[in-house]
Amino acid sequence: MHMDFDAPKPEIKVVHGINITYQKVVDEVLHGIEEEGVPFCIEKLDESNPVELAFRGAELSHLGVGIGITEKEVVLHYIKLKEDQPIFRIPSYSDEATLRAIGSNAARLVKRMPFKNLDNTELS
Amino acid sequence: MIIAGIDIGNASTETALARYVDGKPEFLCSGIVDTTGMKGTRQNIHGVFASLKQALEKAGLTVENVDLIRINEAAPVIGDVAMETITETIITESTMIGHNPSTPGGLGIGVGVTVDIREVNNCDKGESIIVVIPREVDFEDSSRIINHAVNNGIFINGAIVQRDDGVLINNRLVKKIPIVDEVSLIEKVPRNMRAAIEVAAPGSVVEQLSNPYGIATVFDLTSDETKQVVPVSRALIGNRSAVVIKTPAGDVKERKIPAGQIIIQGTNKKAQVNVDDGAEKIMDAIRSVAPVEDIKGEAGTNAGGMLEKVRQVMSNLTDQLPSAIKIQDLLAVDTFVPQTVKGGVAEEFSMENAVGIAAMVKADKLQMNMIAHELEAELGVKVEVGGVEADMAIRGALTTPGSNTPLAIIDMGAGSTDAAIINRAGEIKSIHLAGAGNMVTLLIASELGYDNMALAEDIKKYPLAKVESLFHIRHEDGTVQFFDKPLDPRTFARVVILTPNGMIPMPGNYSLERIRAVRREAKTKVFVVNAIRSLERVSPTGNVRDIEFVTLVGGSALDFEIPQLVTDALSKYSIVSGRANIRGVEGPRNAVATGLVLAYKEGE
């Protein structure tokens, strides 16, 4: 029997501004999510506040997890938190390892695994 | 007239303050602070001050109001603990990588010769290889190189990766292969050697490489060679991914470390026992020669060093020659210590056998009189050294509602476990044994592989919980607790210790069940064993069953589970036992201090 409830796919929403100049930053964050094996999709919104973008992502995501990326900042947000209090926020000029770690942490929030430190090392 | 009884213990200094009216004591207040310095030394005075001051403040009195201070004739017993590993695993020429990266890539088993990814293009068509990918090569380049090589007819059957890139590489490959990532010391992986890689499906564990015959199949081993790989396969059991590399002289050995002998000198008999025979043999030997006069370690061995260190510490503390220090009891406990495998490439560790030892030293006499003199001079209050510690403890314990003579007490402290028994005629017999709270801390720290003793102490003292979301935790017993505010992200999805100062996240990947089991095991190995051992020694018949009532006192009796463990174990000997409640209000604390005050009435 084929069942189709038209349920939205469980995905992490990565939201960034339009006409971006920081594709590299977005890519690294996505690699972090991919390595952890959690589905994700990308949205574009005309908005320059990264926290706002992240929270919008969390609202859109069926998993309640959103990442907002602007030229200046990368923010990880969760639907159950207050809008102005995201879990993690890092500057967009962070190195590759840190950008990937915030992606990994978005996935780990879904998987309920301990977070990585933001220098991409495991907390110990 | 106001009297203060002050008990200087190994870990805490306690005060009981009472007013005598018509020869009857009326207890006012108590004080408790950490003991300053080692018990029985000059440094204790600061602790005595603080403890007394605390009690006086609560009662609204000052030092001038106090007419007499009684301090305990401290049992000159000091304990120390040590740990000795008795097996080790050595890998000569690295042959295995058995670690659990959280996200390995691909699936299945692959066999081939190890080749650096940057040299893959030099390989011949038709060759079977395993690529080694160091940090410098990123996942996009790696996957491109692998896809290209496969197109050229080279069989790439697996990859060993330094970065956390396994899934990323795998997702970009045309032909899927097993990939083990997060191999930190990749430069140690030998090149141009035959290797096998296995990655199990999520939720499963490696099957081929954790089986000696599986390794034999992969590498065409003879029966003799298969015997040699047993430690390798054993070390890989339970991992989700594994690598085994066959080098010509490669070998893994499990070796017994000769730890030396312990020589136990009894009053009449003498026994010698090898430390590496394990705790049971050592305890049997001690029981067979009791009463023990001194315990020595074989000179020039680890056992010798361990016991001599204890002797040296005690000699410094008590100002006596090391030769005058006699070790009069020893508690040996079998344990496991996770140790890094020598020669491993990914910081693999294996659980090695170890023996933990607590030693108890009786010095001639502690400097209690000296402490009393100094106190008297500083406070201007008369200070006297009261009765024997065990007598005082029993007197205090008898203030527990529902208790009466004959009664045995077990005083579970930090440094030693003491027992005393009083019969109907009021005669008291007492004993001091090695091993108590500090030993439990040591066992917890070593079995979990923590150097941090403060953390192990917290594990011992407080219950655990698992943080299940940013807003709720699940306690050890399964109950769930919710919070209004989000929890610290550092605790997310971790096992935490619920201390009064907040949650402490536990490092490492131990499950809550594992930590709990280690904690309870350590407490059982020390306190249940010592409860029975000590009651055997004070029982008038030598049989534990002939004791009817036991109360538990001392700091470790405050623990949230030690009294239950002991009560449970003793109920099998049909003994009524439980935590004391001194004066009906103090719980298991303050027994000796209370006893010191009560003894005054009887002119002792």
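**Figure 1. Arg172(B), a partly exposed residue with a relative accessible area of 27%, and its partner across the chains.** The view is taken from a predicted model. Arg172(B) forms a salt bridge with Glu34(A), and the closest N and O atoms of the pair are 2.7 Å apart. Glu34(A) belongs to helix 1 (residues 23–36) of chain A, while Arg172(B) sits in the loop between helix 3 (166–171) and strand 11 (179–180) of chain B, so the pair joins two chains. Glu34(A) has a relative accessibility of 13% and therefore counts as buried, the limit being under 20%. Over all chains, the count of salt bridges comes to 38.

**Figure 2. The salt bridge between Glu561(B) and Lys523(B).** The side chains of these residues meet with an N to O distance of 2.9 Å. Glu561(B) is located in the loop between strand 29 (549–553) and helix 14 (562–571) of chain B, and Lys523(B) in helix 13 (residues 512–538) of chain B, so the contact ties together parts that are 38 residues apart in sequence. Glu561(B) is buried, with a relative accessible area of 4%, and Lys523(B) is likewise buried, at 1% relative accessibility. Both residues belong to a network of salt bridges that also links Glu476(B), Arg516(B), Arg519(B), Arg520(B) and Asp559(B).

**Figure 3. The contact of helix 13 with helix 14 in chain B.** Two packed helices are described by the angle between their axes and the distance between the axes. Here the axes of helix 13 of chain B and helix 14 of chain B come within 9 Å and cross at roughly 50 degrees. Helix 13 of chain B and helix 14 of chain B are therefore oblique to each other, and their crossing is right-handed. On the side of helix 13 of chain B, the residues in contact include Lys523(B), Phe527(B), Val528(B), Ile532(B) and Leu535(B). Helix 14 of chain B contributes Ile562(B), Leu565(B), Val566(B), Ala569(B) and Leu570(B). The residues of this contact divide into 10 nonpolar, 1 polar and 2 charged.

**Figure 4. The salt bridge between Arg583(B) and Glu586(B).** The closest N and O atoms of this pair are 3.8 Å apart. Arg583(B) counts as buried, at 19% relative accessibility. Glu586(B) is partly exposed, with a relative accessible area of 23%. The two residues fall into separate classes because buried means under 20% relative accessible area.

**Figure 5. Backbone features in loops of chain B, among them the cis peptide bond between Thr405(B) and Pro406(B).** The omega angle of this bond is about -5 degrees. Pro406(B) is placed in the loop between helix 10 (389–397) and strand 21 (407–412) of chain B. Glu182(B), although not a glycine, has a positive phi of about 55 degrees. Glu182(B) occupies the loop between strand 11 and strand 12 (194–199) of chain B and counts as partly exposed, at 24% relative accessibility. Ala493(B) also has a positive phi, near 65 degrees. Ala493(B) is found in the loop between strand 26 (480–482) and strand 27 (495–499) of chain B, and at 5% relative accessibility this alanine counts as buried.

**Figure 6. Chain B as the setting of the close-up views, with 15 helices and 30 strands.** Taken along the principal axes, the C-alpha atoms of chain B fill a box of roughly 105 × 65 × 45 Å. Of the 604 residues of chain B, 54% count as buried. Among contacts in chain B between residues at least 6 apart in sequence, 66% join residues at least 24 apart.

Conventions. Residues numbered from 1 in each chain as written. Chains lettered and ligands numbered in written order. Predicted model: local features only at pLDDT ≥ 70, side-chain atom pairs only at ≥ 80, totals over all residues. Heavy atoms only, no water. Salt bridge = Lys/Arg side-chain N within 4 Å of Asp/Glu carboxyl O. Helix = DSSP H or I, 4+ residues; strand = E, 2+ residues; numbered from the N terminus. Buried < 20%, exposed > 50% of the residue type's maximum accessible area, 1.4 Å probe, protein only. Axes fitted to C-alpha atoms, helices over the stretch in contact; angles between N-to-C directions. Parallel < 35°, antiparallel > 145°, perpendicular 65-115°, else oblique. Left-handed = near helix turned anticlockwise from the far one by under 90°. Contact = heavy atoms within 4.5 Å. Nonpolar A, V, L, I, M, F, W, Y, C, P; charged D, E, K, R; others polar.
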